[in-house]
Amino acid sequence: MCCLPWSGSEIATEEIFVIRKLIATNNDTATTILRLVLGVIFFAHGAQKVLGWFGGYGFTGTMGFFTGVLHIPAVFAFLAIAAEFLGGLGLIFGLITRVAAFGVFCNMIVAVVMVHSQFGFWMNWTGTQKGEGYEYHLLLLAASAFLMIRGAGAASVDRRLSSSLSHDRSTAWPEAA
């Protein structure tokens, strides 16, 4: 124990500080609207991939397509599916919003690089392209980046937790202030 540069209580304090920073947010309604819309979009896409809802192929079919057709390693295919489904749920509830938004952000980067960049900027509005461009994905990237920076906003689990940790901060962990 004598060789450790910090004590157990200092580690716990640092962990609490990191959690506070991760869930910190304000009570902004506009942020909440953006978070909910992005969450619903990603939950729906994730539900296609995990549950087969909304015309999707379910987990087995999606994993088969990602690994067999797109040649994505299974671990990354799984992470992509989880980012959409769990990230969507996280955004809807405002639970660990920055992590959920980061998952969505990474998912969209990969989608643009691996699939949509070859079709150019524009979506396939007229049906004349062989695939969809990446303009829509840029909007999702911007929305995800915004939420990574600002947090969940009002009506979120993060806001509730952040408020209770801030209240406890003055009494329970004064050195982390």
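Two residues are in contact when heavy atoms of theirs lie within 4.5 Å. Among contacts in the protein chain between residues at least 6 apart in sequence, 64% join residues at least 24 apart. The structure described here is a predicted model.

**Overall architecture**

The protein chain contains seven helices and zero strands. Along the sequence its pattern therefore reads α-α-α-α-α-α-α, each symbol standing for a helix. The chain has 177 residues, of which 35% are buried. Its accessible surface comes to about 10600 Å², and 71% of this surface belongs to carbon and sulfur atoms.

**Nonpolar cores**

In soluble globular proteins, nonpolar side chains tend to be buried together. In this model, the largest nonpolar core has 12 residues, including Leu-38, Phe-42, Leu-91, Val-104, Met-108 and Leu-147. Helix H2 (29–51), helix H5 (97–114) and helix H6 (135–150) each supply at least two residues of this core. The greatest contribution is that of H5, which gives five residues.

Which residues does Val-104 touch, once its neighbours within four places in sequence are left aside? Val-104 is in contact with Phe-42, Ala-83, Leu-91 and Ser-144. Phe-42 and Leu-91 are, like Val-104, members of the largest nonpolar core.

Apart from this core lies another, made up of five residues, among them Met-63, Phe-66, Ile-72 and Ile-81.

**Salt bridges**

The structure holds two salt bridges. They are listed below with the distance between their closest N and O atoms.

| Residue | Partner | Closest N and O atoms |
|---|---|---|
| Arg-150 | Asp-28 | 3.9 Å |
| Glu-84 | Lys-49 | 3.0 Å |

The salt bridge between Arg-150 and Asp-28 involves a helix and a loop: Arg-150 lies in helix H6, whereas Asp-28 lies in the loop between helix H1 (8–23) and H2, so the pair ties together parts that are 122 residues apart in sequence. Arg-150 is partly exposed, with a relative accessible area of 33%. Asp-28 is also partly exposed, its relative accessible area being 25%.

The salt bridge between Glu-84 and Lys-49 involves two helices. Glu-84 belongs to helix H4 (residues 74–93) and Lys-49 to helix H2, so this pair ties together parts that are 35 residues apart in sequence. Are these two residues buried or exposed? Both Glu-84 and Lys-49 are buried.

Helix H2 thus appears in both parts of this account: it supplies at least two residues of the largest nonpolar core, and it holds Lys-49, the partner of Glu-84.

Note on methods. Residues are numbered from 1 along each chain as its sequence is written. This is a predicted model: local features need pLDDT of at least 70, side-chain atom pairs count only at pLDDT 80 or more; totals for chains, interfaces and linings use all residues. Side-chain values use heavy atoms; hydrogens and water are left out. Helices (H or I, at least four residues) and strands (E, at least two) are DSSP runs, numbered from the N terminus. Buried means under 20% relative accessible area, exposed over 50%, partly exposed in between (1.4 Å probe, protein chains only). Accessible areas come from the Shrake-Rupley method with a 1.4 Å probe; for residues, only the protein chains shown count as cover. A nonpolar core is a set of buried Ala, Val, Leu, Ile, Met, Phe, Trp, Tyr and Cys residues joined through side-chain atoms within 4.5 Å. A salt bridge is a side-chain nitrogen of Lys or Arg within 4 Å of a carboxyl oxygen of Asp or Glu.
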